[in-house]
Amino acid sequence: MVKRQGVPLILCAPSGAGKSTLVKKLCAEFDLSFSISCTTRLPREGEIDGVHYHFITTENFKEKIQANEFAEWAIVHGNYYGTPIKPVIEALNKGQDIIFDIDVQGAAQLSLSLPTARFAFVFPPSLEILKYRLELRGTDSTEVIEKRMKNAIGEIENSHWFDAWIVNDELEKAYNELRAFYLSCKLSPKLCPQLIKDVLGK
């Protein structure tokens, strides 16, 4: 059996674009691991350390930054978030595909730390529909929604360098496009550099 490195699949989208639903559908169909980040924020109700996040102190986080232990990190709303690089590399080398649900800032850093990473950006059909979806959730105040809308514009304007664009207008159509992109990523020669030598017996 030909050995293949795992796919680092990075998925970005504005809040309310439906990224989480697409991620759940993809993970339900395929053997994808979910990248677990470190954070300095407190756990929310129902969150489990080591499952949803690795909850650590700010001091510990800063020590890890100095030791270059993160594939990417950022400060979001006053809290630190970062992706530990060691377990990611170990899993990829074993052939495990990993999906990253992350913001554009973190994705840009991963493009440097994970050379084989592939990037997909999920768009809402329009800003009007995005705002309607955020309001429909009923979980955010008007001020928070306006902030999310402002952030969405910035994220969309910085989506030009992604490998794939997916418009989440119809869920099944958007999922089929994400699915097709993921399967195409698995075929990249970069993930199987020894294939030619193995086939030729060299």
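Reader: In what order do the strands of the open sheet with parallel pairing stand?
Author: In this predicted model, one open sheet is built of 5 strands whose pairing is parallel. Read across the sheet, the order of the strands is E2-E7-E1-E8-E9.

Reader: Which strands stand at the edges of that sheet, and why is one side of each left without a neighbour?
Author: A strand at an edge has a single partner strand, so one of its sides is left without a neighbour in the sheet. From one strand to the next, the twist of this sheet averages 25 degrees. The two strands in the edge positions are E2, residues 32-34, and E9, residues 164-167.

Reader: Which residue of E7 does Leu9 stand opposite?
Author: Strand E1 covers residues 8-12 and strand E7 covers residues 97-101, and the two pair in the parallel sense over 4 bridges. Within this parallel pair, the residue of E7 that stands opposite Leu9 is Ile99.

Reader: What angle does the direction of helix H1 make with that of E7?
Author: Helix H1, which runs over residues 19-29, packs on the sheet and touches E1, E2, E7 and strand E8, the last of these being residues 118-123. Taken against the direction of E7, the direction of H1 makes an angle of about 165 degrees.

Reader: How many residues apart are the two partners of the salt bridge between Asp101 and Lys19?
Author: The side chains of Asp101 and Lys19 meet in a salt bridge with an N to O distance of 2.5 Å. Asp101 belongs to strand E7 and Lys19 to helix H1, and the pair links distant parts of the chain. Along the sequence, the separation of the two is 82 residues.

Reader: Is Lys19 buried or exposed?
Author: Its partner Asp101 has a relative accessibility of 30% and counts as partly exposed. For Lys19 the relative accessibility is 14%, and because buried means under 20% relative accessible area, Lys19 counts as buried.

Reader: How many salt bridges are found in the whole structure?
Author: Some of the charged residues are joined in more than a simple pair, since Arg4, Asp97 and Lys186 are linked in a network of salt bridges. Another contact of this kind is formed by Glu47 with Arg41, where the closest N and O atoms are 2.9 Å apart, and Arg41 is buried, with a relative accessible area of 7%. A search of the whole structure gives a total of 12 salt bridges.

Reader: Which helices are linked by the salt bridge of Glu146 and Lys131?
Author: The side chains of Glu146 and Lys131 meet at 3.3 Å, N to O. Glu146 is partly exposed at a relative accessible area of 40%, and Lys131 likewise counts as partly exposed, at 31%. Although the partners are 15 residues apart, they lie in separate elements, with Glu146 in helix H6 (residues 142-157) and Lys131 in helix H5 (residues 127-137), and the helices asked for are thus H6 and H5.

Reader: How far apart in space are Ser141 and Ile102, C-alpha to C-alpha?
Author: Ser141 lies in the loop between H5 and H6 and counts as partly exposed at 34% relative accessibility. In sequence, Ser141 and Ile102 are 39 residues apart, and in space the distance between their C-alpha atoms is 23 Å.

Reader: In what order do the strands of the mixed sheet stand?
Author: This sheet is open and has 4 strands. Strand E4 (54-55) and strand E5 (70-76) stand at its edges with a single partner strand each, so each has one side without a neighbour in the sheet. Helix H2, residues 58-66, packs on the sheet and touches E3, E5 and strand E6 (79-84), its direction making about 45 degrees with that of E6. The order of the strands is E4-E3-E6-E5.

Reader: Which residue takes a positive phi in the hairpin of E5 and E6?
Author: E5 and E6 pair in the antiparallel sense over 6 bridges, and Asn79 in E6 is the bridge partner of Val76. The hairpin has 2 residues between the strands, and the one with a positive phi, near 50 degrees, is His77.

Reader: What relative accessible area does Val199 have?
Author: Val199 has its place in helix H8, residues 195-200. Together with Leu195, Ile196 and Leu200, Val199 forms a nonpolar patch on the surface, with about 410 Å² of accessible area for the group. Val199 is exposed, and its relative accessible area is 64%.

Key
Residues are numbered from 1 along each chain as its sequence is written. This is a predicted model: local features need pLDDT of at least 70, side-chain atom pairs count only at pLDDT 80 or more; totals for chains, interfaces and linings use all residues. Side-chain values use heavy atoms; hydrogens and water are left out. Two strands pair if DSSP finds at least two bridges between them. Axes are lines fitted to C-alpha atoms, for helices over the stretch in contact, and angles run from 0 to 180 degrees between N-to-C directions. Contact means heavy atoms within 4.5 Å. Patches are made of residues with over 30% relative accessible area and no salt bridge: like charges are joined within 9 Å, nonpolar side chains (Val, Leu, Ile, Met, Phe, Trp, Tyr) within 5 Å. Accessible areas come from the Shrake-Rupley method with a 1.4 Å probe; for residues, only the protein chains shown count as cover. A salt bridge is a side-chain nitrogen of Lys or Arg within 4 Å of a carboxyl oxygen of Asp or Glu. Buried means under 20% relative accessible area, exposed over 50%, partly exposed in between (1.4 Å probe, protein chains only).
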